[in-house]
Amino acid sequence: MNMVSILKKTLQWLRHVPGDTEAMTEFGCKSSSCYQVVFDLVLYVVIIESYIILIYVSPNYKCANCKPFLSTNPYDLYLDVYSSSQLITNDRFKSVEHQVLANYVGPRISVACFFSTGARASSNLYGPIKELSKDNPPKYRETTVADYVAYFKAKGLDVRLNSGGSPPNVLELKMGRTSEPNVDSKLSERRAFDETKAGVKGLVDAGVNKIPTLFHHQHDKFEKASNLGNTCHVIPVIDLADIDKDPGKRQGLVDIVKKASETWGFFQVVNHDIPVSVLEEMKNGVKRFHEMDTEAKKEFYTRDRLISFAYNSNFDLYSSPALNWRDTFKCYLYPHSPKPDEFPQVCRDILLQYGEHIMKLGTLLFELLSEGLGLSPNHLKDMGCAEGLVTLGHYYPACPEPQLTVGTPKHSDNDFLTVLLQDHIGGLQVLYQDKWIDIPPVPGALVVNIGDLLQLITNDIYKSGQHRVLANHVGPRISVACFFGTGAKTSSKLFGPIKELLSEENPPIYRETTVSDFDAFFVAKGLDGTSALTHYRI
Ligand SMILES: O=C(O)CCC(=O)C(=O)O
Ligand SMILES: [Fe+2]
């Protein structure tokens, strides 16, 4: 049988009503318990297009709940239930770990076919099937197939040789598998919050004076900055006025930008040429959106990460250990200009205008950063670092118990460079020499920070600083974060350490990645306090 006819037959078989023993025998199913497994799979395939591997395996392969097959026919096909099927069946089917030994004899040929939702990035969430979770609370949280696959790829087949035990299973590592008895109620609480589509602001509007326990963070996550009263550590405020009038001044600025990027990974800029009126209107636009009539705002509520304009609360709602006191909208501004009617009318014009200003400023910053590396001014831009711009409009409502939660937990950004506009409330902090340092609001200034991808391509010369935002009794706090990346949602372009920066003494310390893989890994990981960069270290 050739591969195509095997596949055709298999699909027929999977869709077949139970009872077609002829088809089953043809595929090596020789026990009735296996038949039951197949019958269940038929249902799941039809219902949700689950993930199944068809694989040629050694004759003593054991299928979950089946008697071992003993076959000498090399064309027998066996089913292996893959991790995602284990997830959606809530452990009823087992994803069997397998390996192939090397052999003196060879070559050995095998062909593996993976059933899934396909390459198309879909926002469909897959979690344990409700009908199977009645007396058996969900053991896994929901995920999109793209997030799961990105995590799987980034993790790699990381069996540690001689570790003396079985390798960690991707499901256990990633999918928040837990034996906590109240996992079910936690999940439904998150769902209920999600379904209000009113975000944290909805809780505040409803008058809560105690924050739900879902928002409680561990104490060390919100301790106060250690620099209170300490003026030794202040991130540099760089004055860009007249930068091109005097070459000496430009070189001086390159040196300051380079030093700040190598140490803090953060600096602020003033006299950047963006009028104060534009900055004010941008903050007002974000405020207007979040304070819109809830019913109208709900129309923009989605967890689809690829939609041009999406509003929600806690993008990692179903995976983070604790929720954050913040609502956010995300919009894609470059390289593909959105159709104006894809944006809400209350902030449409200013978003487009602000985006143009930030692109110009970004071009200048990438020039200074390139020169700081001893490269030609256009080097980073020519690599594509400034092609895409994604903007987040954050709204941090006043919090009745700020000591119990955070606005944004510790993280570094998953882009090349971020330009952040914050209002006067404060609460943004950067981790510097193991201490949290406040980044105080400076009127008219923009905060600039190095993202993980710039740290990766500069082979650790520039540092992507860890930062967070505290919750506050006072609010709302508004901030607007603009992320420079390739913007190409599915580009296959690879980014690795820049060749010109490498030498024998300074070999590459990161492997190459596409921006979309890095992004998917970052999102799947969530803001869990760890750096996505460690997964790309060689
Ligand atoms: O709101 C802020 O000041 C920072 C937000 C932030 O860190 C982010 O969006 O990555
Ligand atoms: Fe950030």
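**Helices, sheet and iron site**

The crossing of helices α10 and α12 is left-handed. This comes from a predicted model, and the helix pair makes a handy way into it. The axes of α10 (residues 276–290) and α12 come within 10 Å and cross at roughly 135°, so the two helices are oblique to each other. On the α10 side, the residues that meet α12 are Val278, Leu279, Glu281, Met282 and Gly285. Their counterparts in α12 are Ile350, Leu351, Gln353, Tyr354 and His357. As for the spacing of such residues, an α-helix has 3.6 residues a turn, so residues three or four places apart point the same way.

Helix α12 (residues 348–372) also has plenty to do with the sheet: it lies across β5, β6, β7, β8, β10, β13 and β15, and runs at about 70° to β7. Helix α9 (residues 247–263), for its part, lies across β4, β5 and β13, running at about 160° to β4.

The sheet itself is open and has eight strands, in the order β4-β5-β13-β10-β15-β8-β7-β6, with mixed pairing. At its edges stand β4 (237–239) and β6 (309–312); each has a single partner strand, so one side of each is left without a neighbour in the sheet. From one strand to the next, the twist averages 25°. Further in, β8 (residues 388–396) and β15 (residues 477–485) run antiparallel and are joined by nine bridges. Gly393, for instance, has Val480 in β15 as its bridge partner.

Then there is the metal. The iron ion (ligand 2) is coordinated by His411 through NE2, Asp413 through OD and His467 through NE2, at 2.1 to 2.2 Å. Along the sequence these donor residues follow the spacing H-x1-D-x53-H. His411 sits in strand β9 (residues 406–411) and His467 in strand β14 (residues 467–470), so the pair ties together parts that are 56 residues apart in sequence. Both histidines are tucked away: His411 counts as buried at 10% relative accessibility, and His467 is buried with a relative accessible area of 6%.

Last comes helix α15 (residues 515–525), which is mostly covered, with eight of its eleven residues buried. Phenylalanines Phe518, Phe521 and Phe522 are among them, as are Val515, Ala520, Val523, Ala524 and Lys525. Just after this helix, Gly526 takes a positive phi of about 80°.

Conventions: Residues numbered from 1 in each chain as written. Chains lettered and ligands numbered in written order. Predicted model: local features only at pLDDT ≥ 70, side-chain atom pairs only at ≥ 80, totals over all residues. Heavy atoms only, no water. Pairing = 2+ DSSP bridges. Helix = DSSP H or I, 4+ residues; strand = E, 2+ residues; numbered from the N terminus. Axes fitted to C-alpha atoms, helices over the stretch in contact; angles between N-to-C directions. Contact = heavy atoms within 4.5 Å. Buried < 20%, exposed > 50% of the residue type's maximum accessible area, 1.4 Å probe, protein only. Donors = N, O, S within 2.8 Å, 3.2 Å for Na, K, Ca; no water. Parallel < 35°, antiparallel > 145°, perpendicular 65-115°, else oblique. Left-handed = near helix turned anticlockwise from the far one by under 90°.
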